[in-house]
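Student: Hey, got a minute to walk me through this one? I'd like to get the fold straight before I set anything up.

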Amino acid sequence: MIAAAIGLSLLYASRIVFPGVSSYTGEFIDSHRNSRGAPPLPVTNEYVFWNGEGKKQTFYLDIFSKKEIFPDDFVSDRKYTIYFDEFTNVIVQVECIE
């Protein structure tokens, strides 16, 4: 248990030092309450975007952080640039394109 705690602490500390943020630009498709996936929290929503190529991309954001990061509702068929943590796909910033 101690080894697991130390391992997780090191993992999250490395995410603070080396954030690994990427971006994805696409249209908002759908959102729903997250009951599986990462991070598995009851207050987390999944947001699905698609840029017209390949597979649809799913990102995560809890309802408390959403108020600070993007307080408005996502609108279908509107393009957004999503900045997200590569390891967890958690949204860290949103820009509306249209």
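Here is the chat that followed, going from the overall fold to single residues.

Student: Before anything else, what kind of model is this?

Tutor: It's a predicted model.

Student: Okay. How many helices and strands does the chain come to?

Tutor: The chain has 2 helices and 5 strands. Reading from the N terminus, the order is α-β-β-β-α-β-β.

Student: And what box do the C-alpha atoms fill?

Tutor: Along the principal axes, roughly 45 × 30 × 25 Å. The chain has 98 residues, and 26% of them count as buried.

Student: In what order do the strands sit in the sheet?

Tutor: The 5 strands make an open sheet ordered S3-S2-S1-S4-S5, with antiparallel pairing. S3 and S5 are the edge strands, each pairing on one side only. On average, neighbouring strands are turned by 45 degrees against each other, ignoring direction.

Student: Let's go pair by pair. How many bridges do S1 and S2 pair over?

Tutor: S1 and S2 pair over 6 bridges, in the antiparallel sense. Two spots you can look up there: Phe 28 is opposite Phe 49 in S2, and Arg 33 is opposite Asn 45 in S2.

Student: Which residue of S3 does Asn 45 stand opposite?

Tutor: Leu 61 is the S3 residue opposite Asn 45. So you can step across three strands there, because Asn 45 also stands opposite Arg 33.Student: How many bridges join S2 to S3?

Tutor: There are 6 bridges between S2 and S3, and the two strands run antiparallel. They form a hairpin with 6 residues between them, and Gly 52 in the turn has a positive phi of about 90 degrees.

Student: What about the other side of S1, how many bridges does it have with S4?

Tutor: S1 and S4 pair over 7 bridges, again in the antiparallel sense. One pair to click on is Glu 27 with its bridge partner in S4, Lys 79.

Student: And how many bridges join S4 to S5?

Tutor: S4 and S5 are joined by 5 bridges and run antiparallel. Tyr 83 has Gln 93 in S5 as its bridge partner.

Student: Which residue takes a positive phi in the hairpin of S4 and S5?

Tutor: That's Asn 89, with a phi near 60 degrees, in a hairpin that has 5 residues between the strands. Asn 89 isn't a glycine, either.

Student: Is Asn 89 buried or exposed?

Tutor: Asn 89 counts as buried, because its relative accessible area of 18% falls under the 20% cut-off.

Student: Asp 77 also caught my eye. Where does it lie?

Tutor: Asp 77 lies in the loop between helix H2, residues 63-69, and S4. Its phi is positive too, about 65 degrees, although Asp 77 is not a glycine.

Student: Buried or exposed, that Asp 77?

Tutor: Exposed, because the relative accessible area of Asp 77 is 55% and the cut-off is over 50%.

Student: New topic: the core. Which residues touch the most other members of the largest nonpolar core?

Tutor: Phe 49, Phe 74, Tyr 80 and Ile 82 do, out of 13 residues in that core. The elements giving two or more residues to the core are strands S1 (21-33), S2 (44-50), S3 (57-62), S4 (79-85) and S5 (91-96).

Student: Which strand gives the most to the core?

Tutor: S4 does, with 3 residues. As background, nonpolar side chains tend to be buried together in soluble globular proteins.

Student: And on the outside, which residues make the nonpolar surface patch?

Tutor: Ile 2, Ile 6 and Leu 10 make a nonpolar surface patch of about 340 Å². Ile 6 sits in helix H1, which covers residues 2-17.

Student: What's the relative accessible area of Ile 6?

Tutor: For Ile 6 it's 48%, so that residue is partly exposed.

Student: Last one: how far apart are the C-alpha atoms of Thr 25 and Val 92?

Tutor: They're separated by 14 Å, with the two residues 67 apart along the chain. Thr 25 belongs to strand S1, and Thr 25 is partly exposed, with a relative accessible area of 38%.

Key. Residues numbered from 1 in each chain as written. Predicted model: local features only at pLDDT ≥ 70, side-chain atom pairs only at ≥ 80, totals over all residues. Heavy atoms only, no water. Patch = residues over 30% accessible without salt bridge, like charges linked within 9 Å, V, L, I, M, F, W, Y side chains within 5 Å. Areas by Shrake-Rupley, 256 points an atom, 1.4 Å probe, with all protein chains shown as cover. Salt bridge = Lys/Arg side-chain N within 4 Å of Asp/Glu carboxyl O. Helix = DSSP H or I, 4+ residues; strand = E, 2+ residues; numbered from the N terminus. Buried < 20%, exposed > 50% of the residue type's maximum accessible area, 1.4 Å probe, protein only. Core = buried A, V, L, I, M, F, W, Y, C linked by side-chain atoms within 4.5 Å. Pairing = 2+ DSSP bridges. Axes fitted to C-alpha atoms, helices over the stretch in contact; angles between N-to-C directions.
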